[in-house]
Amino acid sequence: QVQLDESGGGLVQTGGSLRLSCAASGTILSILAMGWYRQAPGKQRTVIATITFDGRTNYADSVKGRFTISRDNAKNTVDLQMNSLKPEDTAVYYCNADVRTRQGIHTYWGQGTQVTVSS
């Protein structure tokens with residue numbers, strides 16, 4: 001069983017910063033891609049940043065230049081540094097990981113953490 005635990009959400013003013021963290025635990029052989037998604041009220045969940053095992057990153061246009069994704073393979077963690085936050089960044093943020101276990105490769109999700117940006 002694999003579990004992803006997120007932390008770091010909260011309330012921040014426009015222009016402020018937050019750092020989200022996600023730690024994977026369980027019987028993990030390796031973690032392939034990791035990423036962060038978000039879902040605003042009434043909208044679909046969308047990908048905002050991904051990172052491969054070897055550190056290649058990709059960002060949604062809406063967060064390029066403001067958000068930075070990073071990971072620590074030794075600790076099985078992925079972080080999202082969010083700067084210059086805007087009200088439209090308000091959403092529930094989910095971490096995601098493609099994890100190799102003895103049963104194969106499966107995708108796991110965190111429980112979500114709320115980020116609210118006030119204007």
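**Surroundings of Glu-6 and the strands around it**

The side chain of Glu-6 comes within 2.6 Å of the backbone nitrogen of Cys-95. In this predicted model, that side chain also reaches a second backbone nitrogen, the one belonging to Gly-112, at 2.5 Å. With a relative accessibility of 9%, Glu-6 falls below the 20% cut-off and therefore counts as buried. Leaving aside residues up to four places away in sequence, the contacts of Glu-6 include Ser-21, Cys-22 and Trp-36, along with Tyr-93, Tyr-94 and Cys-95, and the run of Gly-110, Gln-111, Gly-112 and Thr-113. Thr-77 offers a further reference point: 71 residues separate Thr-77 from Glu-6 in sequence, while their C-alpha atoms are 9.6 Å apart in space.

Turning to the strands, Glu-6 belongs to S1, which covers residues 2-7. S1 runs antiparallel to strand S3 (residues 18-26), and 6 bridges join the two. Within this pairing, Leu-4 sits opposite Ala-24 of S3. Both strands are part of an open, antiparallel sheet of 4 strands, ordered S1-S3-S8-S7. S1 and S7 (67-72) occupy the edges and each has a single partner strand, so one side of each lacks a neighbour in the sheet. From one strand to the next, the twist averages 15 degrees.

Another antiparallel pairing, again over 6 bridges, links strand S9 (residues 91-101) with strand S10 (residues 104-109). These two strands make a hairpin, with 2 residues lying between them. Here Arg-100 is found opposite Ile-105 of S10.

Key
Residues numbered from 1 in each chain as written. Predicted model: local features only at pLDDT ≥ 70, side-chain atom pairs only at ≥ 80, totals over all residues. Heavy atoms only, no water. Buried < 20%, exposed > 50% of the residue type's maximum accessible area, 1.4 Å probe, protein only. Contact = heavy atoms within 4.5 Å. Polar contact = N/O pair within 3.5 Å; in protein donor to acceptor, adjacent residues only side chain to side chain. Pairing = 2+ DSSP bridges. Axes fitted to C-alpha atoms, helices over the stretch in contact; angles between N-to-C directions.
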